[in-house]
Amino acid sequence: MKPIAVIATGMVTGVGLTAPSTCAAIHCAIDNFAETRFIDSGGEWIVASEVPLDPPVRGRAKLIKMAAPAIMECLSAIKTSVPVSVPLLLCLSEEDRPGRFADLDGSMLTDIATELNVPFSSKSQVFCNGAVGGVQAIERAFELLNNGGYEYVIVTGVDTLLVAGTLAALDKNHRLLTPSNSNGLIPGEGAAAVLLTPAPDPQPGQFVLKGVGYGREEATILSEEPLRADGMAAAIRDAFRNSGCTYDDVDYRITDISGEQYAFKEATLAASRTMKKVKEEYDIWHPADCIGDTGAAIVPVMVSVGKSAAEKEISSGDGVLFQCANDDNQRAVIIGGYLDPEDF
């Protein structure tokens, strides 16, 4: 794969309504967790990270209101005045997720364009596949930028877990963090967007994405099979193969881990099974510690955090591996990195 560069980001989360404010909060480990109007099966208020919109809005309309400003942050960085030439790749929740809003389909593209009063390219597309859908959208961006003749592509993810049906399903499977369950996640919501452009000859100061990879995991979080992290290990190998990179080119990880022990174990096993030479330092970052589990928004969130960390020189190196997993057997990885001007 030829590299593509991330030239702008946009975010709307529970800790910030812009990319700079959200990234600053995440870098400082600040969260906005609070009790919600939802109650778990034990009669306790469910704690979550909620996006404070003014005026308040719920349901499908809130997804549009969160996605629009994140996208506008990216559009503001585009020199062209013709956004109709820019494909918007929109990532939404899985179609079979309990509590999913109706009409989360191609009409979302039209409604977001109407909200922004901006037309997008006919190559715009919706990916209804949760976190892994974000990586699939990045892969599609590689194709559009390197082979389709486009100058810019925007990849956006927007989602909320703060829906009664979704929370009830998580609670039923003992996956919520509650006073009686320490092995659980904190639900969240938000939107994030990244503006991408071709980078056939990456320049100093650019944050680039180099390749993606996929895998399938038989021992899913709801199965009783012993976890070996075969799926994530396969995704890591696939991403290294497609990007032409190795562990020598990555210094740390940013993941979608949101507090459950299963995900930490999977990340550890996947690294140990794919790393031939032990690295002295290989940090693992998980933005969900601050913004909760944001579902389909997490991949643009991770990329935004990685770009910000590189530019502020607060990461443990320039190379980064992004990894995510759906609740089913899908696993995905992106290899990225920052070209430090001091190295040139």
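## The annotated stretch

Let's start with residues 135-199: 32% of this span is helix and 28% is strand, and its end C-alpha atoms sit 18 Å apart. Everything here comes from a predicted model, so treat the distances as computed values. UniProt, in an unreviewed entry, labels residues 135-199 with the feature "domain: Beta-ketoacyl synthase-like N-terminal".

## Salt bridges across the chain

Searching the whole structure turns up 15 salt bridges. One of them pairs K65 with E115, with 3.0 Å between the closest N and O atoms. This pair connects distant parts of the chain: K65 belongs to helix α2 (residues 60-75) and E115 to helix α3 (residues 107-116), 50 residues apart. How accessible are the two partners? K65 has 39% relative accessibility, so it counts as partly exposed. E115 gets the partly exposed label too, because its relative accessibility is 37%.

Next up is R175, which forms a salt bridge with E260, the closest N and O atoms being 2.9 Å apart. R175 lies in the loop between α5 (164-172) and β7 (189-198), while E260 lies in the loop between β9 (252-255) and α7 (261-274), so this salt bridge ties together parts that are 85 residues apart in sequence. Is R175 buried or exposed? With a relative accessibility of 8%, under the 20% cut-off, R175 counts as buried. E260 also comes out at 8%, so E260 counts as buried as well.

## A bridge within one helix, and a network

K307 and E311 offer a local case: their side chains meet in a salt bridge, at 2.6 Å from N to O. Both residues lie in helix α9 (residues 298-311), and the 4 residues of separation amount to about one turn of the helix. Which of these two is buried, and which is partly exposed? K307 is the buried one, because its relative accessibility is 11%. E311 has a relative accessible area of 43%, so E311 is partly exposed. Elsewhere, E50, K62 and E189 are joined into one network by salt bridges that share partners.

## Negative charge on the surface

Now for a patch of charge. E95, D96, D103, D105 and D328 form a negative surface patch. Where does D328 come from? It lies in the loop between β11 (319-325) and β12 (330-338). D328 has a relative accessibility of 35%, so it counts as partly exposed. That figure also fits the patch, because patch residues need over 30% relative accessible area.

## Two distances to gauge the fold

Here are two C-alpha distances to try out in your viewer. Begin with L269, found in helix α7. L269 counts as partly exposed because its relative accessibility is 25%. From L269 to S308 you step 39 residues along the sequence, and the C-alpha to C-alpha distance is 28 Å.

The other starts at P55, in the loop between β3 (45-48) and α2. Why does P55 count as exposed? Its relative accessibility is 60%, and exposed means over 50%. P55 and V208 are 153 residues apart along the chain, and 37 Å separates their C-alpha atoms.

Notes: Residues numbered from 1 in each chain as written. Predicted model: local features only at pLDDT ≥ 70, side-chain atom pairs only at ≥ 80, totals over all residues. Heavy atoms only, no water. Patch = residues over 30% accessible without salt bridge, like charges linked within 9 Å, V, L, I, M, F, W, Y side chains within 5 Å. Areas by Shrake-Rupley, 256 points an atom, 1.4 Å probe, with all protein chains shown as cover. Salt bridge = Lys/Arg side-chain N within 4 Å of Asp/Glu carboxyl O. Lys, Arg positive; Asp, Glu negative; His and termini not counted. Charge placed at Lys NZ, Arg CZ, Asp CG, Glu CD. Helix = DSSP H or I, 4+ residues; strand = E, 2+ residues; numbered from the N terminus. Buried < 20%, exposed > 50% of the residue type's maximum accessible area, 1.4 Å probe, protein only. UniProt positions renumbered as here; feature names shortened; annotations may be inferred.
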